[in-house]
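This report describes how parts of one protein chain pack together and where charged side chains pair. Please look over the sequence and the model before reading on.

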Amino acid sequence: MGYQETYMFSAWKWLGFVSAVWVQTISGNNYTFSNYSDALKTLMNLTQLQLNNLSVAKDVGKAFGLLAGLASDRLPTPVILLIGAIEGLIGYGVQWLVVSQKIQPLPYWQMCIFLCMGGNSTTWMNTAVLVTCIRNFSRNRGPVSGILKGYVGLSTAIFTDLCSALFTDDPAKFLIMLAVIPFAVCLAAVFFLREIPQSTTVAAEKEETHYFAIFNIFAVVVAVYLLAYDLIGPTSQVVSLVFATILLILLASPLAVPVYAFVKSWRLVGFEPDMERRGHEPFLKQETKGTETEKTEVVVVERAEEEVAVVEKKRPDLGEDHTIMEALGSWDFWLLFVSFLCGVGTGMAVMNNMAQIGLALGHADVSMFVSLISIWGFFGRIGSGSVSEYFLKKVGTPRPLWNAASQILMAAGFLLMALAMPGCLYIGSIVVGICYGVRLAVTVPIASELFGLKYYGLIYNILVLNLPIGSFLFSGLLAGYLYDAQATPTPGGGNTCVGAHCYGLVFLVMAMASVIGFGLDVLLAIRTKNIYSKMFTGWKLKKSASSGH
């Protein structure tokens, strides 16, 4: 295959990555419950515990992400995207009918089902995007995860700010956005997002690093732009329309990368004969030959070990492909699983209860705090992905250490909010956003590095079970019961609570959970130090070999 075709493959791969970015931009709708939860609470006359259990039902939808994980090895990416798009249209569409009062409020159990469908829709989108992109860019898993998860973090702020700018925070119009926009974006993405063979040359790896840096710049510009709009506050209708227009242009700007790649491939048509003289090997065969020596070395080592130990190997080592049962039988998997629970469970409790936390601490409008968590969550995701990759390749720093750092910082944020000092909710929202973002972005490549890519879709969705489990434990049970214990009943069957005491104990318990997560992450970093040292040594040798040529 010629040089032009190689770059054409690259161009299509980057176009697929842009479509993946757009899908992630709209797949954070599961974090926007606080924007319309008060409307549901009022229309359905719910207590805080009942409302929190609705949010748990939304998060339980992620538990059925196991279906998406199983399907990822059996169905093509476009089909997985379509399933998520249709399910989201139905789930959020019915919620819109209720909140807009087009229909009478449905029975509580039926609302739980439709919220569950809305929550489950994002698992299909995320699985399609993450599995495909991690496989397409397997040598840059940190930046891939950081960028994609970063745009998920921005998704909440994008939806919130667009609704605020165009519809003055109308919860019914917000829900119709959550139903229609993801459906339309996924329909467009099915034409471009697919697995594409990758080049194994050092030049291709450097090109990927360069392009990912450009994607990071685009994403940071969008985040700063959203943050500036939030800080400006309410504006006129004309300014709001200008804001929305510029935002859409910024979201389209990553298209510059695949366009450049396509132009580059067309310009290289004249150089194809030179490339042909190097051989007519298929693209995948080049990759196979590039790793042939490594495979031979591995076989030699394995045979030597067998001769010495004379014992059949019972399970794969860390870094090799694990089946689901092999992964579940590993202590390292459960360390990662429980530490992930401590991080995302407590973070989701804050996001699901932000409307009531804000009211308890004297803030009538909580859209600012929802956006702060979203935007700073973006910085946590995109920063941790690139920074963890840099230090891994530079000095071999185990990725779980970054999760440990985020957990101890999150514990400090919860203690600050428990004290209910002036401005604590602003600082707490920023801290929780950053740490939650770090946890999500760093865990994605850790799972693939420790347990391999073969069954990654299912392993990822097993880890995502922590979202509904954490939501149930920390939001449904802990926050719900403790809030209702402090709240005052209101006419019609609901309740309300104002004051620092409403959530003080909740924040203290979540701070302790974060400290436990910190300890588990440190232990995981110690146990996986060798595998990350081997990865660092491999990159170093490859770099030395390329510079020698």
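Does E389 count as buried or exposed? E389 counts as buried, because its relative accessibility is 5% and the cut-off for buried is under 20%. The model in which this value was computed is a predicted one.

**The whole chain**

The secondary structure of the protein consists of 24 helices and 2 strands. Of its 549 residues, 55% are buried. Among contacts with a separation of 6 or more, 85% are between residues 24 or more positions apart.

**Salt bridges**

Side chains of opposite charge can pair when their charged atoms come close. In this protein the count comes to 8 salt bridges. Three of them are listed here, with the distance between the closest N and O atoms.

| Salt bridge | N to O distance |
|---|---|
| R139 with E208 | 3.8 Å |
| E389 with K393 | 3.4 Å |
| D521 with R439 | 2.4 Å |

The bridge between R139 and E208 links distant parts of the chain, with the two positions 69 residues apart in numbering. R139 is in the loop between helix 6 (108–136) and helix 7 (141–167), whereas E208 is in helix 9 (residues 202–232). Both R139 and E208 are buried.

The partners E389 and K393 both belong to helix 18 (residues 367–395). They are 4 residues apart, which is about one turn of the helix. While E389 is buried at 5%, K393 has a relative accessible area of 24% and is therefore partly exposed.

The pair D521 and R439 meets through its side chains. This pair, too, links distant parts of the chain: D521 lies in helix 23 (residues 504–527) and R439 in helix 20 (residues 424–451), 82 residues apart. D521 has a relative accessible area of 0%, so it is buried. R439 is buried as well, because its relative accessible area is 1%. Elsewhere, E389, K393, R399 and E449 are joined into one network by salt bridges that share partners.

**Helix 2 and helix 3**

Two pairs of packed helices can be described in the same way. Helix 2 (residues 37–44) packs against helix 3 (residues 48–60) at an angle of about 125°, and their axes are 10 Å apart. That angle makes helix 2 oblique to helix 3. The crossing of the two is right-handed. On the side of helix 2 the contact is made by S37, L40, K41 and M44, and on the side of helix 3 by Q48, L51 and L54. By type, the residues of this contact divide into 4 nonpolar, 2 polar and 1 charged.

**Helix 16 and helix 19**

Helix 16 (residues 331–352) and helix 19 (residues 400–419) have axes 11 Å apart and pack at an angle of about 35°. Their crossing is left-handed. Which residues of helix 16 meet helix 19? They are S339, C342, G343, T346 and V350, and their partners in helix 19 are Q407, M410 and F414. The residues of this contact comprise 4 nonpolar and 4 polar, with no charged residue.

Methods. Residues numbered from 1 in each chain as written. Predicted model: local features only at pLDDT ≥ 70, side-chain atom pairs only at ≥ 80, totals over all residues. Heavy atoms only, no water. Axes fitted to C-alpha atoms, helices over the stretch in contact; angles between N-to-C directions. Left-handed = near helix turned anticlockwise from the far one by under 90°. Contact = heavy atoms within 4.5 Å. Nonpolar A, V, L, I, M, F, W, Y, C, P; charged D, E, K, R; others polar. Parallel < 35°, antiparallel > 145°, perpendicular 65-115°, else oblique. Salt bridge = Lys/Arg side-chain N within 4 Å of Asp/Glu carboxyl O. Buried < 20%, exposed > 50% of the residue type's maximum accessible area, 1.4 Å probe, protein only.
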